[in-house]
Amino acid sequence: MKILVVENNLAAFLTAVYHAYYGHKDAEKITSDAESVTMLDYGIRIETDTALAAKVREGIMKKAGKTAYKEIADAYLSGDKNKEQKLFDYLKLLFAQGKKALTLFSHSTVIAFRDMLNKVRREAHRMKGFIRFAQTENGVYYAFFGPDNDILELLLPHFRIRFNDQKFVLHDLKRKKMAYYDGDKSYTFTAPPRFTVALSEDQLKFAELWREYFNNVSIEERHNPVLQRHYAPKKYRWFMNEF
Amino acid sequence: MDLNERIRILTEGAKYDVSCSSSGAGTGSKKGSLGNTAYCGICHSFTSDGRCVSLLKILLTNYCEYDCLYCVNRRSNDIPRARLSPRELCELVINFYRRNYIEGLFLSSSVEKSPNHTMEQLVLAVKMLREEYKFRGYIHLKAIPGADYGLIDYASAYADRMSLNIELPTERSLKLLAPQKKKDAIIEPMKMLSQSYFLTKTEKNSQIKKIPAGQTTQMIVGASNDTDGQIIRLTQALYRNFNLKRVYYSAYMPVNLSSSLLPALPCDLRREHRLYEADWLLRFYGFSAEELLPVERNLAADIDVKSFWALNNYQFFPVEINTASYEALLRVPGIGVKNAYRIIIARRHGKLTFESLKKMRVVLKRAQHFITVNGKFYGAYNNPVNIRKALAAQQERPRLETACLQTSLFDAERPLTDIITGEL
């Protein structure tokens, strides 16, 4: 099988899509996981070309609209190992059928794409609530977390707007990525290998009061840990300080 | 008393208020101010009863003049009492908010001294939060029945949402169980707030926005012998006449053992669950209370309300998936708002099959009894009696709610100190 191997970013993926239409028309798969290419496959490494990526982006917007492109960009943030392939299949459908593909709700390819997109957006929405900031000595608020999908960039605008007068750091420990907002502009970068923060005195006090509140607001007679796990899965609790 | 202890006491007193939603406002942020609100609301955590924590839900004080029979904070109960100053409350809200623990504040109070005094304290606190601390996050504020309307109106300019708890479904029950609370003192301010909300929504350029997220209310179910038919009719009237955003129900749990006016047993949590199902059918599925059940009846415990209605109105079924209207699809058990819409759109591209419904995750174990797909019926039964049996068997999982109910019924060790609060 002919497989296009790309870097793990949206521009790289879109470049590969371009090549799959012009040049490597017989390519069946796109992946950023080089290890998934076996002895029996024919893997071709594709260099990222932002000009080609832009062409594909324009193509999608022309064919299916801006909202459709935003959906694809968001779905690309998925932690799904097969995300490139699912998106590739969906794009083929989109280029073949245009806007009609957006509402083929009973088509397996569309369902797979929408499931992936919904997971990304649902997790981003959840994290808007689950992320916990701690006040550091120098007044910057620091939060670490580790989502399934690469949603740091989706969260940043939300916190920038909400805490516009507050310097903060968002730290994705799984992907070793960081975002810093200085009260005016924000920056995203690779996290340093070692990173320590000194907490303010108030931090311990308010974290303790929060736990006091959390533990007392539950109604014992209605104890229902299954429901609790459904809404607040255990995989997120390590960065929520009330658990 | 230290702050930890007081927070514990004042949270204990506030937790029986069901509402914790932070939705409906969508206020933007402002440079130099703290916070905004999300129209859809955001849940920040979930407690061990599975309820969401979105707002800091707390009483300003639990010292109370009233002696409502069902309430944990009633005057004659010997429980620890506490108070928070407006300043302490503001510091707490701001520091929780900056750490992203909460979406905002749900502030309530017991009636200390008089309704007016209590309402003044509440206004003072939220005014300080908005003006001095420049807080633009969510505020849900309780209105105290019996306080001057002018005071409640004044407060509504600082809150995203307000609520007055209707407490009990009928005036008769209110007289019996909460004799110090008067129906008019609850209903009249609700009327006023509904007008403020209406003006805020319709006059886009009005200077003062009052309760952009509307108002809600709550009532206790199972403390009096009012029927589900009555409760659903009341709910419908509240939505239609007062533009309420939500009506909440709380299943009664006994705490003040001495009264012969109150039932000795807690209300089955399934009843509360069924009422919420009916509430959803009223708000999103185009049902009216009169269609759902007669006034003197209760909802069935063993099957969901939509199936209950469908079996009582079996003459409308089965409906054909490829031709039925949106309204007809919405009434099929197992098809929700999203899937009804998707079916309408998807079938334009070609006939849907039973397989495509499966892929779209229509709940076929319920829907199969009420639909045909291209003329073919896939259900196992075609008469309401057998279908009901099948549905009841499916829905008869060992539900946690029921298990929990049984422990509190039969576990004599367990102190019955907690109850439904009535601190309006």
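In this predicted model, helix 1 of chain B contributes a run of buried residues, namely Arg6(B), Ile7(B), Arg8(B), Ile9(B), Leu10(B), Thr11(B), Glu12(B), Gly13(B) and Ala14(B). Because nine of its 12 residues are buried, helix 1 of chain B is largely enclosed by the rest of the structure. The cover over these buried residues comes from both chains: it includes helix 7 (201-216) of chain A, along with strand 3 (55-59) and strand 4 (104-108) of chain B. The length of the helix can also be checked. At 1.5 Å a residue, the 12 residues of helix 1 (residues 3-14) of chain B should span 16 Å, and the end C-alpha atoms are indeed 16 Å apart, so the two values agree.

The same helix leads on to the interface between the chains. Here, 46 residues of chain B are in contact with 43 residues of chain A. On the chain B side, the elements that give two or more residues are helix 1, strand 1 (45-46), strand 2 (52-53), strand 3, helix 2 (86-98), helix 12 (337-346), helix 13 (354-359) and helix 16 (400-410). Helix 1 of chain B gives the most, with six residues. Sorted by class, this side of chain B has 19 nonpolar, 16 polar and 11 charged residues.

Turning to chain A, the domain assignment gives domain 1 (2-123) and domain 2 (131-239). The C-alpha centres of these two domains of chain A lie 32 Å apart. Six residues of domain 1 are in contact with six residues of domain 2. On the domain 1 side, the touching residues divide into two nonpolar, two polar and two charged.

Notes: Residues are numbered from 1 along each chain as its sequence is written. Chains are lettered from A and ligands numbered from 1 in the order in which they are written. This is a predicted model: local features need pLDDT of at least 70, side-chain atom pairs count only at pLDDT 80 or more; totals for chains, interfaces and linings use all residues. Helices (H or I, at least four residues) and strands (E, at least two) are DSSP runs, numbered from the N terminus. The expected span of a helix is 1.5 Å times one less than its number of residues. A residue is buried if 20 or more other C-beta atoms lie within 10 Å of its own, exposed if 12 or fewer, and partly exposed in between; C-beta atoms are placed from the backbone. Two residues are in contact if their C-beta atoms, placed from the backbone, lie within 7 Å. Domain bounds come from an automatic or database domain assignment. Ala, Val, Leu, Ile, Met, Phe, Trp, Tyr, Cys and Pro count as nonpolar, Asp, Glu, Lys and Arg as charged, and the others, Gly among them, as polar.
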